[in-house]
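Here is a structure to reason about. Each answer sets a value against a definition and draws a conclusion.

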Amino acid sequence: MDAFVYQANPTRVVFGAGALARLGEEIERLGARRALVLSTPEQADSAGQVAAMLGDRAAGVFARAVMHVPIETARAAREEARRLGADCAVAVGGGSTTGLGKAIALDSGLPILAIPTTYAGSEMTPIWGLTEAGVKKTGRDPRVLPRTVIYDPALTLTLPYPLTVTSAINAIAHAAEGLYAHDVNPVVALMAEEGIRASAAALAPLQSDPTDLHARGDALYGAWLCGTVLGSVAMGLHHKLCHTLGGSFNLPHADVHTVVLPHALAYNTDDAPHAMQRIARALGESDAAAGVHALARRHGAPTSLAAIGMPADGLDRAADLAAATPYPNPRPLDRRALRALLQRAFDGVPPQRD
Ligand code: NAD
């Protein structure tokens, strides 16, 4: 056994179908009396229901979360929290809504109670993101880590199937990169392998019936584990590419992860053989990169950047940005090979190492 450091993040997790019913006692546990409920405009009804459950303990609803947390939205939400005298943020939704809660917490230290409805995993990380003038900045701060997370699979029954697939592959990406992270440890590796297994295995039953509550529970359990991995160890090439593509070209977050992951894994295949073996085993496949590609195809997910709105003339800039600042990755960054990777991802051809 090699030497390692393991640091657990102190989030309380309440999991299970119907777990939302425990919201009141969980808010009380946090000592909160005036919760500001956050959501996207599309999930304003869910936010309203959560506020109704909170009764007197709800200070208001702010249903304006959008992807990548524009600074203007963050400022408006912070102002609303101040105006209402909020002492807690309740984020009901996916990564965009959790991200807005984090923007408030970063500024004020307000505790966050997250109720995730996608598999993005932001609720398990101390990572915040803010976008100003088209540039997305991210950082780590323990204040933005939600204090409590309520995972209720019943809330994910409405997640459209295409987003179910790409969001689950987004989760798999955290765990896959976690397995070859320079600072991975045996406990996080266990979570990563089990997270990939649970996320991938949930997709077949959900393809036949997206309202299969048991499979929804498995997918959310996988998302929790994969999110924990994201919050615990350093990410590499794949997350760097997705951050660059999503932030600079405003591409849909989960779609970008789904298209890029097989190619990023192929790039690292020879330099992280043990991690690749564990990823492949968790997928029930013989090869990690080809296995993720096959999973996406089997479930009708996008496999090309062109199909999700990436402009062809942006590929050079994306390769420049990805190669510009050094970050930990099993295989050294080579601008020529990265450009070739991006071309394959753009064209939607199967992943390969070159
Ligand atoms: P999202 O939160 O933008 O949600 C996508 C859409 O699906 C929204 O319209 C949302 O309202 C809707 N939706 C969510 N759950 C639903 C449900 N159960 N039923 C019906 N509709 C539902 O998408 P996402 O992929 O969860 O999050 C993406 C954002 O999160 C990106 O900005 C990304 O950078 C960020 N993120 C951050 C971290 C982190 O650790 N900081 C981790 C992962 C993602």
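Helices here are DSSP runs of H or I, at least four residues long, numbered from the N terminus. The model is predicted.

Q: What makes residues 95-108 count as helix 4, and what does helix 4 give to the shell around the ligand?
A: A helix is a DSSP run of H or I with at least four residues. Residues 95-108 are helix 4, which gives the most to the shell, with 3 residues.

Q: Which residues come nearest to the ligand?
A: The ligand has 23 residues around it, and T40, S96, T118, T125 and K136 come nearest.

Q: Why is the pair between the side chain of K136 and the ligand called a polar contact?
A: The cut-off is 3.5 Å between N or O atoms. An N or O atom in the K136 side chain is 2.7 Å from a ligand oxygen atom, so the pair is a polar contact.

Q: What makes T158 a polar partner of the ligand?
A: An N or O atom of the T158 side chain lies 2.8 Å from a ligand nitrogen atom. The limit is 3.5 Å, so this pair counts too. Alone, the ligand exposes 860 Å², and the protein buries 85% of that.

Q: How do you know where the ligand lies relative to domain 1 and domain 2?
A: Domain 1 (12-156) and domain 2 (161-347) both give residues to the shell, so the ligand lies between them.

Q: What makes domain 1 and domain 2 count as in contact?
A: Contact means heavy atoms within 4.5 Å. Domain 1 has 22 residues in the contact and domain 2 has 27 residues. About 1900 Å² is buried between domain 1 and domain 2.

How values were computed:
Residues numbered from 1 in each chain as written. Predicted model: local features only at pLDDT ≥ 70, side-chain atom pairs only at ≥ 80, totals over all residues. Heavy atoms only, no water. Near = heavy atom within 4 Å. Polar contact = N/O pair within 3.5 Å; in protein donor to acceptor, adjacent residues only side chain to side chain. Areas by Shrake-Rupley, 256 points an atom, 1.4 Å probe, with all protein chains shown as cover. Helix = DSSP H or I, 4+ residues; strand = E, 2+ residues; numbered from the N terminus. Domains from an automatic or database assignment. Buried area = accessible area lost by both parts, 1.4 Å probe.
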